[in-house]
Amino acid sequence: MNEVKLWCNKTPNPQPCEYFLNNNPTYQHKLIKQKADFFTLSLELAQERALKGHSKTLSLGSKCNNPREKSAWADCVELYEQTILKLNKILDTKTKCSQVDTQTWLSTALTNLETCKSGFYELGVQDYILPLMSNNVTKLLSNTLAINKVQYQEPSYKNGFPTWVKPGDRKLLQTSSSSSRPNVVVAKDGSGKYTTVSAAVNAAPKNNNGRYVIYVKAGVYNEQVEIKANNIMLVGDGIGKTIITGSKSVGGGTTTFRSATVGK
């Protein structure tokens, strides 16, 4: 008990840390010998609470009274799922991730839940469903970020590109005409395989080892594009020539999360 309190007092949110670690049999017999042990334990706790938060959020779907509540709620379901995936990735011993990677993924997980909450405020429906969704996941995630804490480092570059950019990707970005060797072509006039960007994106393989290049010919594409596959590269004919445009907004009843013209 005293050991848990000592470690939890080093976090920005000691109360939920201490409460859940002391009141859950899963964690009561785990020894904390060093910072790494405490970080892993805190991460497992955040994941457990995130899973319960997701389950609780799912159960509230039937309580939504109008389309705006339903829209904000649907965002939260997906954002919880994305948070859980990020935490799973960090916890997976097969994942080769640096401390910087971990900090990035934890920041993403925390931002997802803040975005969930923002959707209710944006659409003005925070009075009913949102309080029922309240839990300590954001505080527990903040604790893991504080424990992992990475100092900011200036990014390094090679030949004008960040060093994390792979040689193959660098060649694609440097070539004068990536459209000369695309995997698929989109054209409004029907000269390509698809007439909409969404159709091409949705038909792309879900797990690509290399880049999947979609060449979008000149034209105005009035659509919302959501990319779910990995390693997708969109190439157009230039500024003012290939245009993807959308008009979703909070004013029209869409959360900021869903308003992106092109989103990944």
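Which backbone nitrogen lies 2.8 Å from a polar atom of the side chain of Thr242? Keep that one in mind, everyone, and I'll come to the answer in a moment.

Hello, and thanks for having me. What we have above is a predicted model, so please hear everything I say as a description of a prediction.

Back to my opening question. The nitrogen belongs to the backbone of Asp237. Thr242 itself sits in strand 8, which covers residues 242-245. Is Thr242 buried or exposed? With a relative accessible area of 19%, Thr242 is buried, because the cut-off for buried is under 20%. And who surrounds Thr242? If we skip the neighbours within four places in sequence, the contacts of Thr242 are Val216, Lys217, Ala218, Gly219, Tyr221, Gly236 and Asp237. So Asp237 turns up here as well.

Now let me step back to the whole chain. There are 264 residues, and 39% of them are buried. Counting the elements gives 10 helices and 9 strands. The C-alpha trace spans about 70 × 50 × 30 Å along its principal axes. Here is a number for those who like contacts: take the ones between residues at least 6 apart in sequence, and 62% of those join residues at least 24 apart.

Let's go inside. The largest nonpolar core has 29 residues, and Leu21, Phe38, Leu106 and Leu141 have the most contacts within it. Six helices each give at least two residues to this core: helix 1 (2-8), helix 2 (14-23), helix 4 (35-59), helix 5 (67-91), helix 6 (99-122) and helix 8 (137-148). Helix 4 provides the largest share, with 7 residues.

Please find Phe38 on your screen. Setting aside residues up to four places away in sequence, Phe38 touches Trp7, Cys8, Thr11, Cys17, Leu21, Ile32 and Ile147. There is also a second, separate core, made of 15 residues, with Val201, Val216, Val225 and Ile227 among them. You may remember Val216 from a minute ago, since Val216 is one of the contacts of Thr242.

Next, a pair of helices. How do helix 2 and helix 8 lie relative to each other? Their axes come within 9 Å and cross at roughly 100°, so helix 2 and helix 8 are roughly perpendicular. On the helix 2 side, the contact is made by Pro16, Cys17 and Phe20, and on the helix 8 side by Lys139, Leu140 and Asn143. By type, the residues of this contact are 4 nonpolar, 1 polar and 1 charged.

Two more stops and we're done. The first is Asn112, in helix 6. Asn112 is buried, at a relative accessible area of 8%. Outside its neighbours within four places in sequence, Asn112 is in contact with Leu79, Gln82 and Thr83.

The other stop is Asp92, in the loop between helix 5 and helix 6. Asp92 has 34% relative accessibility and therefore counts as partly exposed. What does the side chain of Asp92 reach? The backbone nitrogen of Lys94, at 2.9 Å. To place Asp92 against our core residue, Asp92 and Phe38 are 17 Å apart in space, C-alpha to C-alpha, and 54 residues apart in sequence.

That's my tour. Thanks for listening, and do have a look around for yourselves.

Terms used. Residues are numbered from 1 along each chain as its sequence is written. This is a predicted model: local features need pLDDT of at least 70, side-chain atom pairs count only at pLDDT 80 or more; totals for chains, interfaces and linings use all residues. Side-chain values use heavy atoms; hydrogens and water are left out. A nonpolar core is a set of buried Ala, Val, Leu, Ile, Met, Phe, Trp, Tyr and Cys residues joined through side-chain atoms within 4.5 Å. Buried means under 20% relative accessible area, exposed over 50%, partly exposed in between (1.4 Å probe, protein chains only). Helices (H or I, at least four residues) and strands (E, at least two) are DSSP runs, numbered from the N terminus. Contact means heavy atoms within 4.5 Å. Axes are lines fitted to C-alpha atoms, for helices over the stretch in contact, and angles run from 0 to 180 degrees between N-to-C directions. Angles under 35 degrees count as roughly parallel, over 145 as roughly antiparallel, 65 to 115 as roughly perpendicular and the rest as oblique. Ala, Val, Leu, Ile, Met, Phe, Trp, Tyr, Cys and Pro count as nonpolar, Asp, Glu, Lys and Arg as charged, and the others, Gly among them, as polar. A polar contact is a pair of N or O atoms within 3.5 Å; within protein, one must be able to donate a hydrogen and the other to accept it, and residues adjacent in sequence count only if both atoms are side-chain atoms.
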